[in-house]
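Please open the model in your viewer and keep the selection panel at hand, as this tour moves from one selection to the next.

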Amino acid sequence: MDLSDHACDLHRRVRTRSPLVHCITNPVAMDTVANATLAIGASPVMAHAHEEVAEIVALADALTVNIGTLVPERIDAMLEAARAAQAAGKPWVFDPVGVGATRLRRATAQSLLALKPTVVRGNASEIMTLSGIAGVAARGVDSARDSAEAETPARTLAASLGAVVVVTGAVDIVTDGTRSLRIANGHPWMPRVTALGCALTAITGAFLAVGDDALSSAAVATALFGLAGEIAARDARGPGSLRVGLMDALYNLDAAAIRAGLRVT
Amino acid sequence: MDLSDHACDLHRRVRTRSPLVHCITNPVAMDTVANATLAIGASPVMAHAHEEVAEIVALADALTVNIGTLVPERIDAMLEAARAAQAAGKPWVFDPVGVGATRLRRATAQSLLALKPTVVRGNASEIMTLSGIAGVAARGVDSARDSAEAETPARTLAASLGAVVVVTGAVDIVTDGTRSLRIANGHPWMPRVTALGCALTAITGAFLAVGDDALSSAAVATALFGLAGEIAARDARGPGSLRVGLMDALYNLDAAAIRAGLRVT
Amino acid sequence: MDLSDHACDLHRRVRTRSPLVHCITNPVAMDTVANATLAIGASPVMAHAHEEVAEIVALADALTVNIGTLVPERIDAMLEAARAAQAAGKPWVFDPVGVGATRLRRATAQSLLALKPTVVRGNASEIMTLSGIAGVAARGVDSARDSAEAETPARTLAASLGAVVVVTGAVDIVTDGTRSLRIANGHPWMPRVTALGCALTAITGAFLAVGDDALSSAAVATALFGLAGEIAARDARGPGSLRVGLMDALYNLDAAAIRAGLRVT
């Protein structure tokens, strides 16, 4: 099947099935993550207490775990949720926000990687840190590296984990270690809006929940999110209006826009 | 008094008195709750540490408690705040977000209900769960049930608690167990914006603070919030611009718009 | 140097150097703080775990600490981060949100003031509380006092701390105890959007990171933020669209707009 057909098909499934995506994410991102997930047609649920995550995973169609603004009291819940997803055979996405910045985040990332995420999504610095590339000092949570630099580390990481790795940047790379796709959708203002990477992580969870192939599901999610950003940018005056328009564009995506706009090679 | 007159009167009081609403709410919702409360003309204060909630309740005109994204370390603070509101005779609103999803939320809801909320506001699934309707499995935090199905459970719950119960949905139901009002204001895009229910909970607190009758105060808050959503929808292109326009519309509500738009029976 | 020239110069430095601002802030404000910091051209990083704050301060160019929605488990992290900033000679800004409301916030403020903030930014009530003015009962987190009333307390506080104090209100006052500047930029709708004070605190951190003189850096940050609000208000219909337009205006600020709009005396 052509990727445009596949994208339209997955998008229709998200809209009709409205998969429940359990998002364990940071408080900076929660608003944007929830709104983007609702706008694409899925249903978000946020829960990060150790006492309830396993019950939420049991109800959910996918799990996403994000380590931004990490606090130790949430780490057990992240691990428990990831174990529950793995045990139930439900897809889960790991978003290693700012993993290079601190020991706490690196150690947590290591524990989470051992629980076999279906997809890992990060910027070039984060993916390079995860790949153990020496000398990559991440600066905050925004990428100091180009996604092209991360392609080889991403492939290595994907192969070693048996996961799909998504590197977002000016050009996004989606790889399972063997096959790789490049996505040119997106807009330069998107990194000037906080939490859009976190929002894509949640939307990737929604597409994994309705698809059969993690590589193409992740690629479609990434491309559609970037496409919505491009559509929003047409009428935007800066990152504030881009964010608002992105939610509208995610909501209004349809087969015609998808076929006209997808830029995946 | 005609309900339109009453609505205009309560709205004017909120604008002139700017009641202080203490909101214990979840981090997904905090931004939207604070902005909606400010936009309607009230003053929000967020505080959820056990160590300070009693002092904040003492300053506040109303309290609202929301159990979304619940964590055990906040439960004591919720109970302490509700006890302080009850002891001081201040109105308080309980918002049982996702109560059907986990044991932690059900147990917390049970403890909170024992502290006699003035108003309970939730979607149909949440109200049916609270009413102890067997076999209602809530799915995430969005309602899987229609508000009409919840009318009888809502009446029963209201009568047993001595509280007003608000069920929000396509048509909202506001009942004290004896009297019931139905509100047709609102827009289908509103459930595609996160935390609007939580925002209504806070605004309900503001109207309780300035009104004498909990049933009509809750009904007016619910109707005006839905009306602001309708006004916003006229110029919106999707849930992103609806959210922005909702804040503008809440801010710009006036007697003329209220008289023209209220749909309460 | 003329203040307009200085403002253009500092603004250009923020845009080209993109200083990393470590924000320890409350969950109500995180979204707006991160987006405003990105929009002005700086790079925010949020981290508030005791286990990682020192590492984040070591990477950052400035620190900002905000005590809104305070919880005891974050206080140690705030103190540790402030100590690390002080030890490293990095500028740090203290934002005493709602300090008058509770004992917990007053005690925390006292501990933080002992760690010598570079700048303290608050509304009139907060600054008056900090100055130990008797009889100031803060009401929630919004100022019940006029900034002019806070001028003398602000000067006294600045002199005693050896810090710059910023009082935001209809007219903002920036003082180091000896010199004082008054800033007339801003718009009456700004207090109807939550967390804009918190956002200014973060932006002040960004300007301190690139400037040599705390008084003029804080004054420029305050004036440019107010100016962006004025620009946004031209096309806004209320606080919802003001907020969106503010992010666009912060992003689009340029030397021409700065020279035309600065109102500092």
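**From the A–C contact outward**

Begin with chains A and C of this predicted model, and select the contact between them, to which chain A gives 26 residues and chain C gives 26 residues. On the side of chain A that touches chain C, colour α2 (30–40), α5 (103–113) and α10 (239–252), the elements of chain A that each give two or more residues to it. The largest share, 4 residues, comes from α10(A). If you then colour this side of chain A by class, you will find 11 nonpolar, 9 polar and 6 charged residues.

Next, show chains A and B together, and superpose them: a turn of 120 degrees, with a shift of 0.0 Å along the axis, lays chain A on chain B with an RMSD of 0.0 Å. The two copies are thus related as by a three-fold rotation axis. To find the axis from chain A, select A:Pro27, whose C-alpha is the nearest to it in that chain, at 3.5 Å. Only 12% of the interface residues of chain A are also interface residues in chain B, so the copies meet through different surfaces.

Now move to chain B and select helix α10 (residues 239–252), which has 14 residues and reaches 19 Å from its first C-alpha to its last, close to the 20 Å expected at 1.5 Å a residue. Because 13 of the 14 residues of α10(B) are buried, this helix is largely enclosed by the rest of the structure.

Finally, in chain C, select C:Ala114, in the loop between α5 (103–113) and β5 (119–123). Is C:Ala114 buried or partly exposed? With 13 other C-beta atoms within 10 Å, C:Ala114 is partly exposed. Add C:Leu79, 35 residues apart from C:Ala114 along the chain, and you will see their C-alpha atoms separated by 9.8 Å.

Methods: Residues are numbered from 1 along each chain as its sequence is written. Chains are lettered from A and ligands numbered from 1 in the order in which they are written. This is a predicted model: local features need pLDDT of at least 70, side-chain atom pairs count only at pLDDT 80 or more; totals for chains, interfaces and linings use all residues. Copies are superposed by least squares on the C-alpha atoms of residues with pLDDT of at least 70 in both. Two residues are in contact if their C-beta atoms, placed from the backbone, lie within 7 Å. A residue is buried if 20 or more other C-beta atoms lie within 10 Å of its own, exposed if 12 or fewer, and partly exposed in between; C-beta atoms are placed from the backbone. The expected span of a helix is 1.5 Å times one less than its number of residues. Ala, Val, Leu, Ile, Met, Phe, Trp, Tyr, Cys and Pro count as nonpolar, Asp, Glu, Lys and Arg as charged, and the others, Gly among them, as polar.
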